[in-house]
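Welcome! Here is a short tour of two helix-centred parts of a structure, written with a modeller in mind.

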Amino acid sequence: MTEVNRSNFSKLIPEIIDKLKTCTFVSIDAEYTGLFSPDPKIQNSLFDSASDRYQKLRNGFSNYQISQFGLAIFNRCWERNEYTVDAYNIYLYPVAFDDYRDRDVIHCQISSFNFLAANNFDFNKFIKEGVPYLRKEDRRILRQYMRANPMFMRWMEHRDRTYFPQFIEKLNDDDAETIIGHLNGFTKVIQIISELKKPIVGHNMLMDLLLIYKQFYEDLPPSYKEFKIKIHKLFPYINDTKHIAASLRRDLQEKNSSHTNDIEYLYDTSLFGLYVNTSKVKDFFIPFVTCINETRDRYRIEIETGLTQNLEKVKGSHCHEAGFDALITGAVFLRLAHIAARRDEQFLLRRSFPPTVAETLNSLNNWKNCVNIVRAPIRYINFEGEDPPIDKPNWIRVKGNPSQGKLLDISWIRNHLPKYGDIEVVQLNNQSVLLACSAWSSARNVWMSLEEEGYILSAQEFPMSTYGSLTLVAGVTLGSAVVFLTTLICLRKFV
């Protein structure tokens, strides 16, 4: 793994670009300064439509920033069934100097900083050595600043030589453009990835995409539909290993595949669970991943250890270092592609050589440009078409039955029902609540339990469209004067 910082970025950027131009695919990962919004009105909810969830993330989560970006560049070795990988771990920090944007705010969350610290994140490198980046609007503002202050270097108390390698008494327009090009920094890498249209692989990558767009391009668009269109235009070929693994498992189960072990490998869809479990696939044609250069020196032992142990449970591992997680994501992607390819019983029987890159990637076409979404009525977001139909249980409307002496006991519902799974409760009035269950088995158990208690139950269909806002009943909108009677389960991105 090559660590990229403010001091060596200019030297490494030509190497990174050259490797991107010739690579087979890239995998990415990101670490954030925060994850959850402190505003309870925009916490994730089982009642969210995809559009609702986008608006919540846009208004809450997107205020945080990517503090570390992982980029793993994979290349197929044509003479053998092997992919080489070079990984880069890149600290990022916004541009600020002297009186230019030095009062900007970086939003952070204590729990996220504690998580980063527990996983050996170097905060000094983040602040002192983070690679700069600029959005289009940032470039415009910086250009205006330098035109209005052409002699700003002369008055600087401390000139950061990684920002301004040369002292210039008075800037002209060419000088300003050179500085802007330099401070554009990591944005160049994202722009190149977009221009090359290479396949991009991530794990549970919805929030990665949100922050990439906001941090390196522009503010997130106001509508969910527009967001999908813009992301697809920038990155027309994305693959989410969490979504692929869950979908592939269901596909194998529905088709009664003869590869029954493959199903077992896919139950744990966490990143490091997938890495250790898919390593158990024994097949002559399964692709082999070889780390090269500094990536080999830093990660070789862990890559081997992860074949038999979940690396999150190995003390001192590099889990949640963005470069390492990107590498693992790419390795998992190749194994999932192989499992998908061998669903065709004739695929391997008729071959005497490994599958081509096109065959490997095509085996996952059914799940291309689809990204996992957690705790929502749909399983994934489709960036190149309509989202899938809702496949979660209908909501359950629960009413008291005063004629039988049964009043609504909200406290009992709150304390008793969570044992059946991830359940959310919204109070509609004094004698009526609405329940959302994340799984069909939970919904069945909840229904039977409430029925035994003597409550009046009815199934409430989802009153939403893919792009519409969510209104519950009688004009009560989620996020207004609604009482939540559940503890939301917090899920980190990598789960």
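In this report a residue is buried when its relative accessible area is under 20%, and exposed when that area is over 50%. The model shown is a predicted one.

Let us begin with helix α19, which covers residues 440-452. With 13 residues at 1.5 Å a residue, α19 should span 18 Å, and its end C-alpha atoms are indeed 18 Å apart, so the two values agree. Which residues of α19 are buried? They are Ser442, Ala443, Val446, Ser449 and Leu450. Viewed down the axis of α19, these buried residues fall within an arc of 135°, which means that they line one face of the helix. The general background is handy here: an α-helix has 3.6 residues a turn, so residues three or four places apart point the same way. On the other side of α19, Arg444 and Glu452 are exposed.

The cover over the buried residues of α19 includes the elements below.

| Element | Residues |
|---|---|
| β10 | 395-399 |
| α18 | 410-416 |
| β11 | 423-429 |
| β12 | 432-437 |
| β13 | 456-460 |

After α19 comes glycine 454, with a positive phi near 90°.

Now for a helix pair. Helix α5 (residues 136-148) packs against helix α7 (residues 173-183) at an angle of about 145°, and their axes are 10 Å apart. The crossing of α5 past α7 is right-handed. From α5, Arg139, Leu142, Arg143, Met146 and Arg147 meet Asp173, Ala176, Glu177, Ile179, Ile180 and Leu183 of α7. Sorted by class, this contact of α5 with α7 has six nonpolar, five charged and no polar residues.

Note on methods
Residues are numbered from 1 along each chain as its sequence is written. This is a predicted model: local features need pLDDT of at least 70, side-chain atom pairs count only at pLDDT 80 or more; totals for chains, interfaces and linings use all residues. Side-chain values use heavy atoms; hydrogens and water are left out. Helices (H or I, at least four residues) and strands (E, at least two) are DSSP runs, numbered from the N terminus. The expected span of a helix is 1.5 Å times one less than its number of residues. Buried means under 20% relative accessible area, exposed over 50%, partly exposed in between (1.4 Å probe, protein chains only). The arc is that of the directions from the helix axis to the C-beta atoms. Contact means heavy atoms within 4.5 Å. Axes are lines fitted to C-alpha atoms, for helices over the stretch in contact, and angles run from 0 to 180 degrees between N-to-C directions. A crossing is left-handed if the near helix is turned anticlockwise from the far one by less than a right angle, and right-handed if clockwise. Ala, Val, Leu, Ile, Met, Phe, Trp, Tyr, Cys and Pro count as nonpolar, Asp, Glu, Lys and Arg as charged, and the others, Gly among them, as polar.
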